[in-house]
Amino acid sequence: MRFLGIDTSCYTTSAAVYDSSKGLMGEERIVLSVKEGRRGLSQSEMVFQHVKNLPVLLRRLSPLLQDLKGIGVSGFPRRRADSYMPAFLVGRGMAEALSSSHHIPLYVFSHQENHAMAAIREAPALWGKPFYMMHMSGGTQDVLSCQWQEEGMEIHELLTSKDITAGQFIDRVGVALGLPFPCGKWLEALAEQGNDTYRIPRSSVKGAFSFSGPETRVQRDIASLAYRKEDIAKGVLIHIGRALEKELSGYPFEKGHPFIAVGGVMANRYLRARVEEICQAVGLTPLFADPRYSSDNATGNAFGAYMEDRLGVTGD
């Protein structure tokens with residue numbers, strides 16, 4: 001039995017196919033195009049590109065789409081009443097059309113749940129069990145407590161950002177350094193050539209992440225031309241790692257719980273290593289998706305549809 005996953009997020013159009021006996025059969029994605037020098041897209045621009053991209057991805061996956069048993073799709077950013085973005089309606093609309101025309105079940109997840117399930121796909125024994133999750137992407141900086149209910153995951157916010165996220169910090173600095181947007185992988189590559197000589201003062205905000213002040217400082221230093229780009233890139237990643245250590249080490253987590261770290265920022269190898277060190281120090285069990293599946297993709301939705309069909313969301 002095969003299950004299709006679809007995700008139309010702020011910067012990536014994604015589709016994937018999961019097979020009940022063979023696992024992930026295939027996945028395709030197209031990163032949305034952002035003009036040089038810009039730091040993002042409007043929702044209307046996202047919708048336009050998703051409408052163009054999604055049929056392309058389904059054609060690429062067409063040899064795997066026979067005898068579909070179900071479809072999983074991201075219908076909204078988070079599973080709460082005030083969570084809405086037009087970009088997700090493109091994927092949801094396509095999924096509803098396919099569900100109706102093929103007479104197969106449709107499972108609607110949140111984008112955040114899709115990220116979590118992309119990691120759980122590699123550790124399916126966690127299905128139905130409580131866990132902590134840190135979601136770090138271009139627009140999200142959340143540490144969450146996750147339980148399972150019949151209607152989906154029950155997610156409670158533990159820590160968040162008071163201003164901009166680590167992903168926005170990376171992207172804004174990256175654009176200022178002349179890197180393509182989204183800047184994550186480019187900044188990581190640049191940082192690998194840097195020296196640990198550029199330091200950014202810590203934010204004074206307690207009990208939350210805060211990167212607005214540090215970003216202002218870095219932008220001023222970039223304009224001064226007093227520092228090497230490589231050293232600035234390395235300094236930004238080191239600063240984010242220290243911010244994670246400060247907040248995660250100070251939170252009263254229940255020891256022994258899994259700690260799933262997902263989102264595009266968690267594709268960064270340095271930050272993954274830092275999170276693993278922090279988790280081990282505070283008694284949590286870290287779990288990451290493969291770096292390729294940390295950034296936006298639809299594999300979690302495809303796997304989630306399979307698990308819903310097999311067990312139901314509570315795992316009973």
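**Note on the predicted model: overall form, sheet and cores**

1. For 316 residues, a compact globule would be expected to have a radius of gyration near 20 Å, and the protein, with 20 Å, agrees with that expectation. The model is a predicted one, and its C-alpha atoms fill a box of roughly 60 × 45 × 35 Å when this is taken along the principal axes.

2. Some further totals describe the chain as a whole. Buried residues account for 54% of the 316 residues, while the protein exposes about 13700 Å², of which carbon and sulfur atoms supply 50%. Among contacts between residues at least 6 apart in sequence, 72% join residues that are at least 24 apart.

3. The secondary structure comprises 9 helices and 10 strands. Of these strands, 5 form an open sheet of mixed pairing, in the order β3-β2-β1-β4-β5. Because β3 (23–31) and β5 (106–110) stand at the edges with a single partner strand each, one side of each is left without a neighbour in the sheet. From one strand to the next, the twist averages 15 degrees.

4. The pairing at the β5 edge can be described in more detail. Strand β4, residues 68–76, pairs with β5 in the parallel sense over 5 bridges, and V73 stands opposite V108 in β5.

5. Two helices lie across strands of this sheet. Helix α1, formed by residues 43–61, lies across β1 (2–8), β2 (12–19) and β3, and runs at about 25 degrees to β2. Helix α2, formed by residues 87–102, lies across β1, β4 and β5, and runs at about 155 degrees to β4.

6. The largest nonpolar core has 50 residues, and those with the most contacts inside it are M134, V236, I240 and F259. At least two residues of this core are supplied by each of β6 (131–136), α4 (166–176), α5 (184–191), α6 (212–224), α7 (229–249), β9 (258–262) and α8 (269–282). The largest share, 8 residues, comes from α7.

7. Which residues does I240 touch, not counting residues up to four places away in sequence? With that exclusion, I240 touches M136, A166, F169, I170, F211 and L271. Apart from the 50-residue core lies another core, of 28 residues, which includes I260, A302, Y306 and M307. As general background, nonpolar side chains tend to be buried together in soluble globular proteins.

Terms used:
Residues are numbered from 1 along each chain as its sequence is written. This is a predicted model: local features need pLDDT of at least 70, side-chain atom pairs count only at pLDDT 80 or more; totals for chains, interfaces and linings use all residues. Side-chain values use heavy atoms; hydrogens and water are left out. Two strands pair if DSSP finds at least two bridges between them. Helices (H or I, at least four residues) and strands (E, at least two) are DSSP runs, numbered from the N terminus. Axes are lines fitted to C-alpha atoms, for helices over the stretch in contact, and angles run from 0 to 180 degrees between N-to-C directions. Contact means heavy atoms within 4.5 Å. A nonpolar core is a set of buried Ala, Val, Leu, Ile, Met, Phe, Trp, Tyr and Cys residues joined through side-chain atoms within 4.5 Å. Buried means under 20% relative accessible area, exposed over 50%, partly exposed in between (1.4 Å probe, protein chains only). The radius of gyration is taken over C-alpha atoms; the globule rule is 2.2 Å times the number of residues to the power 0.38. Accessible areas come from the Shrake-Rupley method with a 1.4 Å probe; for residues, only the protein chains shown count as cover.
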